[in-house]
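The following exercises introduce a structure through a series of short tasks. Each task is followed by a solution that proceeds step by step.

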Amino acid sequence: MKLIKLYSNMPTFKDIKFNENGLTIIYAERTKSDRQSTVNGTGKTLSIELVDFCLGADFNPKFKLLKGWKFYLDFKVNNKLYTICRNTEQEKIVYLNDEPKELNKYRKFLYDISTNYQPKIKGITFRNIICKFLKFKKNQYDDAICTTKREDQDKALKRDSLLLGLDYELCEKKISDKEKINKKSNAIREIKKNEVIKQYFDKNDKKLDLKIQNIKAEIEDLKNKLSTFKISEDYTRIENTYNSLKNNKSDLQDNLYLYEKRLSSILESLKINPDIDSANVINFYEQMKIEVPEMIRQKVENVSSFHDTLLKNRQLRLSENKDRIEKSLESIRNKLSELDNKIDEYYNILSTTTSFSEYDSIQERLRQKQDELYKLSSSKSIIDDANNEITELESQMAIDNVETDKYLKDKKDYTDNISSVYMKYAKSIYQNSISGLSIKNNKGNNKNRFEIEPSIQSDTSGGIGLVKIYLYDLLLLTLQNNHNIKFIFNDQHIFSETDPRQIISLLKLLKKINEKNDFQFIFTINNSLYNGILAEFDKEDVQDILIYDYLESSIVQRLNDTGDNGKLLGMTIDLKVKEE
């Protein structure tokens with residue numbers, strides 16, 4: 001694929017006819033002497049964006065300011081000419097050789113004609129290939145592999161592996177396996193966040209196993225209860241009767257206690273006898289040699305007789321009370337015995353039957369536990385299956401690591417060769433710097449199959465770092481692995497921190513590359529940078545003179561700030577470059 005011409009339906013537009021081989025320069029010059037004048041806004045960077053637009057880029061909303069404008073790009077693929085037209089009022093439609101085409105279908109068409117690899121590779125598109133060779137945004141120069149901050153490194157590495165001629169399927173395999181592992185790990189994390197089960201997880205998930213065992217035991221116990229229960233429609237009445245009988249028994253037991261206390265008191269009273277009778281009193285006096293008068297003797301005998309009568313009456317009364325209490329006690333004990341029998345009878349009924357509400361309560365508890373068991377068991381099963389799959393995938397990734405080591409060992413001559421090509425490119429600019437392209441097996445727990453790293457000693461320097469990235473893209477262009485894109489188009493930002501002497505060395509390298517090839521090297525350059533380059537030429541050096549002529553003859557369009565006529569669009573309008 002080569003760029004031929006960029007033009008528009010508007011007559012004010014300054015057409016750009018690209019040199020079909022070698023160097024093409026789009027030059028922007030500041031002609032005004034005041035310091036506030038700049039070449040920004042002349043359209044040099046916009047020229048790259050318009051080429052990108054015609055090659056299927058997303059629509060930049062700023063283009064809506066260009067109402068009625070159409071932009072055309074002629075390009076060749078295998079010497080066949082194509083013309084693409086995009087207008088600023090149709091975002092999703094392009095015109096290929098005057099035929100309308102949906103934007104996505106156009107992108108597929110570009111992939112088909114610009115790549116040498118079929119069938120289509122997952123994640124590889126024309127758009128993420130062309131971005132290696134068409135750069136105008138500053139963040140496109142931040143990293144050698146990823147062309148934007150939003151680009152996934154694993155997908156960028158797969159694309160670059162394809163363009164370097166490496167086995168992209170090794171990349172695809174690791175990406176696929178790691179994505180599966182991540183998906184399973186995410187599923188496990190989501191399950192463990194569930195409010196019902198997260199409390200049962202510890203480091204080894206042992207608490208979950210124990211909880212499942214306990215729930216199973218509880219379910220079995222609830223089932224056993226339900227199987228032995230008999231529902232009684234009279235359960236409430238029986239329960240009330242049972243409680244009433246227990247209350248009656250309690251009352252009888254209280255009465256029994258009182259009667260037993262009273263009986264005990266009577267029995268104690270029956271044991272009491274007079275300490276001294278009349279005969280004993282008289283005998284006491286006789287022993288003392290005291291004569292007891294008859295009158296006193298008679299009184300003593302009367303008192304004794306009275307006490308005897310009183311005692312007999314008391315004992316008779318106590319005996320009668322004792323008999324009555326004993327009969328009452330016997331009656332109470334009989335009633336208690338009958339109550340115990342009835343209480344036992346009702347207890348047996350209640351212990352083998354249940355109410356509807358209690359039965360429903362047990363059933364509901366059983367349902368809840370069964371539901372909890374299902375959730376926990378299902379979650380555990382999913383987690384166990386996921387962990388098993390993760391283990392298998394990690395084992396496969398370990399095997400793939402070994403296979404990749406073997407692949408790179410077998411491919412060493414080839415990788416050494418492309419590293420040597422990159423080194424020659426770098427040394428043509430930085431002769432004394434250690435440089436090369438490192439390609440290693442990435443064995444980390446990630447989705448990156450290879451570690452691809454172009455390097456030039458001291459590439460932490462801004463200028464060297466930018467050249468390092470450009471030379472890497474140049475390598476991908478010149479290798480022509482799995483694509484037929486023949487141009488590389490860069491904004492002058494690639495030279496923003498580069499010494500003009502190194503730029504001259506780069507121009508010499510590009511000219512040398514094209515002695516046996518027919519690539520297009522396209523740049524936008526402002527007059528400040530251009531003049532800085534010219535100042536470094538050695539007018540007595542034949543090679544420098546040739547490069548000077550090469551540079552001068554490569555300018556295909558001169559833009560300036562003298563007015564609207566000097567600008568790419570032929571008008572003044574604020575169209576800022578769309579950054580990622």
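**Exercise 1. Determine how many disulfides a search of the whole structure finds, and examine Cys 85 and Cys 146.**

Solution. A disulfide is defined as a pair of cysteine sulfur atoms within 2.5 Å. By that criterion, a search of the whole structure finds zero disulfides. For Cys 85, the closest cysteine sulfur belongs to Cys 54 and is 7.6 Å away, too far for a bond. For Cys 146, the nearest cysteine sulfur is that of Cys 131, at 9.8 Å, and Cys 146 is in no disulfide.

The next step concerns accessibility, where buried means under 20% relative accessible area, exposed over 50%, and partly exposed in between (1.4 Å probe, protein chains only). Cys 85 has 8% relative accessibility and therefore counts as buried. Cys 146, at 12%, also counts as buried.

A note on the basis of these values: the model is predicted, local features need pLDDT of at least 70, side-chain atom pairs count only at pLDDT 80 or more, and totals for chains, interfaces and linings use all residues. Residues are numbered from 1 along each chain as its sequence is written, and side-chain values use heavy atoms, with hydrogens and water left out.

**Exercise 2. Describe the surroundings of Glu 151.**

Solution. Helices (H or I, at least four residues) and strands (E, at least two) are DSSP runs, numbered from the N terminus. Glu 151 is placed in the loop between β8 (134-135) and α4 (153-164). Its relative accessibility is 16%, so Glu 151 counts as buried.

Contact means heavy atoms within 4.5 Å. Neighbours within four places in sequence aside, Glu 151 is in contact with Asn 128, Ile 145, Cys 146, Ala 156 and Arg 159. With Arg 159, Glu 151 also forms a side-chain polar contact of 2.5 Å. A polar contact is a pair of N or O atoms within 3.5 Å; within protein, one must be able to donate a hydrogen and the other to accept it, and residues adjacent in sequence count only if both atoms are side-chain atoms.

**Exercise 3. State whether helix α1 is enclosed or open, and characterise the residue Gly 43.**

Solution. Helix α1 spans residues 44-54, and eleven of its eleven residues are buried, so the helix is largely enclosed by the rest of the structure. Among the buried residues are Lys 44, Glu 49 and Asp 52, together with Leu 46, Ile 48 and Phe 53. Just after α1, Gly 56 takes a positive phi of about 95 degrees.

Gly 43 lies in the loop between β3 (22-29) and α1. At 11% relative accessibility, Gly 43 is buried. Although Gly 43 and Gly 570 are 527 residues apart in sequence, their C-alpha atoms are 9.4 Å apart in space. Residues up to four places away in sequence not counted, Gly 43 touches Leu 559 and Leu 568.

**Exercise 4. Find how helices α13 and α14 pack, and which residues make the contact.**

Solution. Helix α13 (residues 500-513) and helix α14 (residues 527-535) pack at an angle of about 80 degrees, with their axes 8 Å apart. Axes are lines fitted to C-alpha atoms, for helices over the stretch in contact, and angles run from 0 to 180 degrees between N-to-C directions. Angles under 35 degrees count as roughly parallel, over 145 as roughly antiparallel, 65 to 115 as roughly perpendicular and the rest as oblique. The two helices are therefore roughly perpendicular to each other. The contact involves Pro 500, Ile 503 and Ile 504 of α13 and Leu 529, Gly 532 and Ile 533 of α14.
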